[in-house]
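Me: I have a model I'd like to talk through with you. Could you take my questions one at a time?

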Amino acid sequence: MTRKHRRNWPWHVLTGVILVVMAYSLWYSTSLISYEWRWNRVPQYFAYQAEVAQRAAEYGTVTEVAEDGDTAQVTLTAEGGEEQVLRVARDSVQVTRGDDISEGDVVGVTRHWTAGPLLWGLWTTLWISVVSGGFGLAIGLFTGLCRLSNNPTLRDLSTVYVELVRGTPLLVQIFIFYFFIGTVLNLSREFAGVAALALFTGAYVGEIVRAGVQSIARGQNEAARSLGLTAGQSMRHVILPQAFKRVLPPLAGQFISLVKDTSLVSVIAITELTKSGREAITTSFSTFEIWFCVAALYLVINLPLSQIASRLERRLGKSD
């Protein structure tokens with residue numbers, strides 16, 4: 001162990017040096033264009049305190065303003081004698097005792113923490129990835145088995161689907177789903193985006209499944225059939241479990257790519273993470289900071305997926 005540690009530590013040092021050089025190069029590049037870093041503007045796009053105006057319900061008079069810590073309780077008495085009690089932030093009170101007020105006048109505001117656009121964009125990216133990934137996996141499994149079917153119609157149709165989807169850009173497919181199919185069938189933009197991503201993923205998963213099944217030796221299927229299993233039972237209990245171990249790495253890579261591909265649905269006005277980042281840049285003018293945060297959020301999603309896939313792969317490998 002000691003010898004191995006001594007042999008490897010220079011390479012770890014070299015890795016650290018390379019990372020430091022890359023960070024310095026980034027800083028130097030931004031200094032050449034006189035870019036001013038404004039990280040203090042970023043947190044509000046993750047979470048901020050929203051203000052809700054509290055207004056008078058009727059014409060009347062302010063009869064009491066009682067302060068209690070960071071809040072203030074304002075009592076309004078209408079012309080008919082009815083009282084309205086409003087609790088607002090103390091530093092936002094805009095009236096004093098004895099003031100006359102009209103219906104709709106702002107007395108103060110209440111504040112509460114709420115998610116910012118980047119968190120909402122992250123949530124949209126997550127649910128679109130999960131839903132389209134689930135449908136894509138089901139479509140891909142069915143397509144992969146059809147590609148191996150003895151039925152010429154199933155085999156030909158699945159081949160046309162795979163080649164058509166893999167041979168055209170995802171961006172074009174999203175446009176077709178939204179502007180053509182979506183218009184004809186009156187589909188929402190979210191449905192169109194999820195459907196396009198699911199069909200796109202399904203084509204690639206189908207090829208992964210087909211390759212995985214074909215990589216299993218034919219003797220496995222023959223042995224299962226000799227034991228009295230039907231073709232379906234042989235595929236379900238013998239072939240697919242072995243194929244799953246082999247296709248797990250490319251499947252994980254495909255779903256990681258799917259998470260990043262969700263950024264394309266922003267072209268049909270779905271406010272996912274990338275579109276949220278662009279909108280934040282227009283108001284903060286913190287271009288590099290926002291894009292770094294967006295990239296980090298994608299890493300937050302994809303790194304655990306990679307770790308889970310690697311751990312599952314090692315665990316399944318032990319059973320061989």
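Me: How much area does the chain expose, and what share of it do carbon and sulfur atoms supply?

Reply: Happy to help! The chain exposes about 19600 Å², and carbon and sulfur atoms supply 61% of it; accessible areas come from the Shrake-Rupley method with a 1.4 Å probe, and for residues only the protein chains shown count as cover. Do keep in mind that this is a predicted model, where local features need pLDDT of at least 70, side-chain atom pairs count only at pLDDT 80 or more, and totals for chains, interfaces and linings use all residues. Residues are numbered from 1 along each chain as its sequence is written, and side-chain values use heavy atoms, leaving out hydrogens and water.

Me: What radius of gyration does the chain have, set against a compact globule of 320 residues?

Reply: The chain has 30 Å, whereas such a globule would have a value near 20 Å. The radius is taken over C-alpha atoms, and the globule rule is 2.2 Å times the number of residues to the power 0.38. Those C-alpha atoms fill a box of roughly 95 × 60 × 40 Å along the principal axes.

Me: What span does helix α7 have, against that of a straight helix of 31 residues?

Reply: Helix α7 (residues 231–261) spans only 36 Å between its end C-alpha atoms, while a straight one would span 45 Å. The expected span is 1.5 Å times one less than the number of residues.

Me: Where in α7 does a kink lie?

Reply: At V247, shortly before the proline P249, with a kink of about 55 degrees. The bend is the angle between axes fitted to the seven residues ending there and the seven starting there.

Me: What makes β3 and β4 a pair?

Reply: Two strands pair if DSSP finds at least two bridges between them, and 7 bridges join β3 (residues 71–78) to the antiparallel β4 (residues 83–89).

Conventions: Helices (H or I, at least four residues) and strands (E, at least two) are DSSP runs, numbered from the N terminus.
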